[in-house]
Number of protein chains: 2
Amino acid sequence: MENPRPPATLADVAERAGVSRQTVSNAINNPDLLRPDTLARVQQAIDGLGYTPNQAARHLRTRSSRLVGLRLTPAQEFTANMAMDRFVRALVEAAREVGYHVLLFSGGPVEEGELPDPLGGYDDLFRSTAVDAFVVTDTYLGNPVAVELTRRRAPFVAFGRPWDDPVASHPWVDVDGAAGVAAATEHVRDLGHERIAWLGWEPGSRIGEDRRAGWHRAMVAAGLSTAGLEAAVADTVDAGRQAAARLLDTTAPTGFVCASDTLAVGVLHTLRERGLHAGPGLPVVGFDDSQVAQVMGLTSVRQPLEEVAVELIGALADLLAPTEPTTHGILLAPTLAIRQTSV
Amino acid sequence: MENPRPPATLADVAERAGVSRQTVSNAINNPDLLRPDTLARVQQAIDGLGYTPNQAARHLRTRSSRLVGLRLTPAQEFTANMAMDRFVRALVEAAREVGYHVLLFSGGPVEEGELPDPLGGYDDLFRSTAVDAFVVTDTYLGNPVAVELTRRRAPFVAFGRPWDDPVASHPWVDVDGAAGVAAATEHVRDLGHERIAWLGWEPGSRIGEDRRAGWHRAMVAAGLSTAGLEAAVADTVDAGRQAAARLLDTTAPTGFVCASDTLAVGVLHTLRERGLHAGPGLPVVGFDDSQVAQVMGLTSVRQPLEEVAVELIGALADLLAPTEPTTHGILLAPTLAIRQTSV
DNA sequence: ATGAAAGCGCTAACAG
DNA sequence: CTGTTAGCGCTTTCAT
């Protein structure tokens with residue numbers, strides 16, 4: 001059995017080092033203020049006692065918890081989950097480097113027949129000073145979270161553009177989906193293809209429209225026709241399968257660029273059913289570089305989530321610093337993970 | 001612009017309700033102590049002011065942060081990541097129901113040529129009273145975290161059995177992998193198969209050995225021979241592909257049960273290469289019900305992570321309650337997600 | 001059932 | 001450069 005005695009406090013360290021409590025506090029927070037020998041003595045006492053500042057007390061005093069809140073969205077489709085996992089890891093790591101931790105919360109259960117509370121969980125956490133700020137990820141169309149948080153003066157940064165509000169005042173970081181899809185389209189074009197199909201989502205999603213725009217832009221830039229080369233369907237394997245079949249039967253594209261890995265998997269199914277083989281002669285590209293893409297050898301657009309996390313935390317630090325915030329919006333370019341379905 | 005004034009405090013509420021601060025505190029923490037009419041008046045003041053207790057002050061006073069720490073493991077293979085995502089969500093939800101939040105942290109970067117600090121991140125968090133307890137997930141063989149946390153008297157519960165220490169004193173929850181694989185094997189047997197192969201990992205993993213034992217036990221119970229029907233390989237698609245080919249060439253199994261979805265995908269590759277088709281006539285079963293299994297229609301053993309989370313939080317509540325802890329170890333049975341590769 | 005007093009451990013001001 | 005004083009907002013005795 002070890003020491004069941006309570007953890008050491010500032011006062012304990014001060015006594016042991018023969019200085020005042022304040023000096024110990026300075027040794028920790030403003031070491032420059034101390035004479036080297038005093039600092040060394042205090043440090044020795046700290047080490048000897050195994051002292052760690054009590055967060056609660058510091059938090060109460062400084063009004064800063066060094067915690068950022070992240071609300072877990074209610075488990076979306078495959079691809080998004082996977083991206084979320086990678087993003088959370090990246091965020092935790094980026095936060096750690098500036099001395100922050102990530103506090104996870106959920107919006108709570110959505111009652112049958114009720115709309116989910118858009119602000120679920122946010123308000124209490126902020127008002128109770130449990131977190132200093134939030135990272136908001138669900139900035140889908142018309143999301144009221146950003147508006148409400150702004151109104152309540154809760155500091156936050158968003159992963160995702162404020163599509164609906166070009167003059168939004170909060171910092172944001174987003175991935176340039178259009179650029180990613182354009183790069184994918186050019187990649188397929190470079191393989192010698194001209195009839196490159198776009199398999200996208202049904203209208204209504206800003207993200208989906210953005211990705212489609214990348215394909216369209218690249219096609220136009222290459223002087224290629226887009227007529228009859230696109231389909232807009234639900235984000236399921238089966239919808240992708242059927243849409244690919246329809247396209248093959250009509251305009252017979254020789255390459256596919258898709259809005260998601262899920263749709264791309266559907267395309268692969270159709271190709272297999274017809275005895276066709278995805279590859280440089282018949283490339284298929286997905287989006288999100290999910291687990292599925294990795295296992296199935298699917299070329300896919302990969303979001304730079306690690307960079308996103310770093311930029312978000314940087315913007316957050318900016319926001320919480322006493323100085324005027326500098327960053328406003330940052331758009332990062334995805335990369336292309338090239339695999340067997342296109343090489 | 002809204003009120004930039006500071007959040008209301010207990011004193012504000014007390015003044016507005018015409019009672020003492022103490023009474024407000026009681027209204028929140030021990031409502032039974034108040035007369036109904038007083039309680040109502042206080043409640044009104046709370047609502048009117050939009051008061052939320054300051055966590056830092058409460059935390060300092062009660063020495064409880066109502067935060068559980070969870071260390072993110074350094075991103076493992078596909079299947080594990082996916083499971084982690086689902087587990088984290090479940091944990092956040094289970095914690096919420098008992099008034100806890102989940103604080104994520106990482107072990108920090110592992111320096112080149114250095115061993116990762118087994119206690120990385122744990123010690124500071126606990127000593128600084130930033131978290132009340134931990135959920136430990138990486139209880140792989142000989143993991144020193146459990147030992148160290150016990151020595152430091154840090155409350156924690158483990159997801160995973162203490163394989164190496166049958167008398168471990170901490171509460172744990174685990175999934176009965178052997179039972180899951182046995183159920184999978186019986187499922188294949190029920191389809192009419194007798195030569196059921198086991199595609200497992202190389203020795204050295206307790207989890208892997210456990211899963212294999214489930215297959216072996218089920219085979220023996222069904223009076224089936226296991227001779228030449230097993231392979232032990234690395235957990236990659238390619239290793240699974242090759243192993244399946246070897247098995248087909250030698251003992252020609254008519255069904256495959258695998259230690260992971262990754263290996264099962266390898267089997268599917270081999271079958272396809274040979275013009276064979278997974279299904280009731282040639283079943284393939286994976287483990288973990290990953291994204292890949294869901295998209296590819298792979299039957300897979302699914303861990304009850306939501307239950308695991310609930311049990312873990314229950315054990316934690318027990319541990320932190322003033323009463324004597326009751327639970328010690330809980331073993332939960334997985335289910336079988338049956339899909340096209342076996343039906 | 002309600003109020004008064006004390007203090008959790010820390011840091012921001014100021015004084016020496 | 002170091003020490004003193006005060007108080008962050010809350011809960012826990014204890015008294016009324």
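## Contacts with DNA strand D

In this predicted model, an N or O atom in the side chain of B:Arg58 lies 2.9 Å from a phosphate oxygen of DNA strand D. A polar backbone atom of B:Asn54 is likewise placed 3.1 Å from a phosphate oxygen of the strand, whereas B:Arg61 reaches a base, with a polar side-chain atom 2.6 Å from a base oxygen of DNA strand D. Two or more residues of the surface near the strand come from each of these elements: helix 2 (21-29) and helix 4 (55-62) of chain A, and helix 2 (21-29) and helix 4 (55-62) of chain B.

Altogether 25 residues surround DNA strand D, and the closest of them are A:Thr38, A:Arg63, B:Leu10, B:Gln22 and B:Tyr51. By residue type, this surface divides into eight nonpolar, 10 polar and seven charged residues. On the side of the DNA, sugar or phosphate accounts for 61% of the atoms of strand D within 4 Å of the protein, and bases account for the rest.

## The ends of helix 4 in chain A

Helix 4 of chain A is capped at its N-terminal end by A:Asn54, which has a side-chain oxygen 2.7 Å from the backbone nitrogen of A:Ala56. Just after this helix, A:Arg63 takes a positive phi of about 60°, and A:Arg63 is also among the residues closest to DNA strand D.

## Helix 2 against helix 3 in chain B

Which residues of helix 2 of chain B meet helix 3 of chain B? They are B:Thr23, B:Val24, B:Ala27 and B:Ile28, and their partners in helix 3 are B:Thr38, B:Leu39, B:Val42 and B:Ile46. The residues of this contact divide into six nonpolar and two polar, with no charged residue.

Two packed helices are described by the angle between their axes and the distance between the axes. Here the axes of helix 2 and helix 3 (residues 36-49) of chain B come within 10 Å and cross at roughly 95°; an angle of 65 to 115 degrees counts as roughly perpendicular, and the two helices are therefore roughly perpendicular to each other.

## How the two chains are related

Chain B is superposed on chain A by a rotation of 180° with 0.0 Å of shift along its axis, at an RMSD of 0.1 Å. That is the relation of a two-fold axis. The residue of chain B that comes closest to the rotation axis is B:Leu103, whose C-alpha is 2.3 Å from it. Of the interface residues of chain B, 100% are also interface residues in chain A, so the copies meet through the same surface.

Methods. Residues are numbered from 1 along each chain as its sequence is written. Chains are lettered from A and ligands numbered from 1 in the order in which they are written. This is a predicted model: local features need pLDDT of at least 70, side-chain atom pairs count only at pLDDT 80 or more; totals for chains, interfaces and linings use all residues. Side-chain values use heavy atoms; hydrogens and water are left out. Copies are superposed by least squares on the C-alpha atoms of residues with pLDDT of at least 70 in both. Contact means heavy atoms within 4.5 Å. A residue is near a molecule or strand if one of its heavy atoms lies within 4 Å of it. A polar contact is a pair of N or O atoms within 3.5 Å; within protein, one must be able to donate a hydrogen and the other to accept it, and residues adjacent in sequence count only if both atoms are side-chain atoms. Helices (H or I, at least four residues) and strands (E, at least two) are DSSP runs, numbered from the N terminus. Ala, Val, Leu, Ile, Met, Phe, Trp, Tyr, Cys and Pro count as nonpolar, Asp, Glu, Lys and Arg as charged, and the others, Gly among them, as polar. Axes are lines fitted to C-alpha atoms, for helices over the stretch in contact, and angles run from 0 to 180 degrees between N-to-C directions. Angles under 35 degrees count as roughly parallel, over 145 as roughly antiparallel, 65 to 115 as roughly perpendicular and the rest as oblique.
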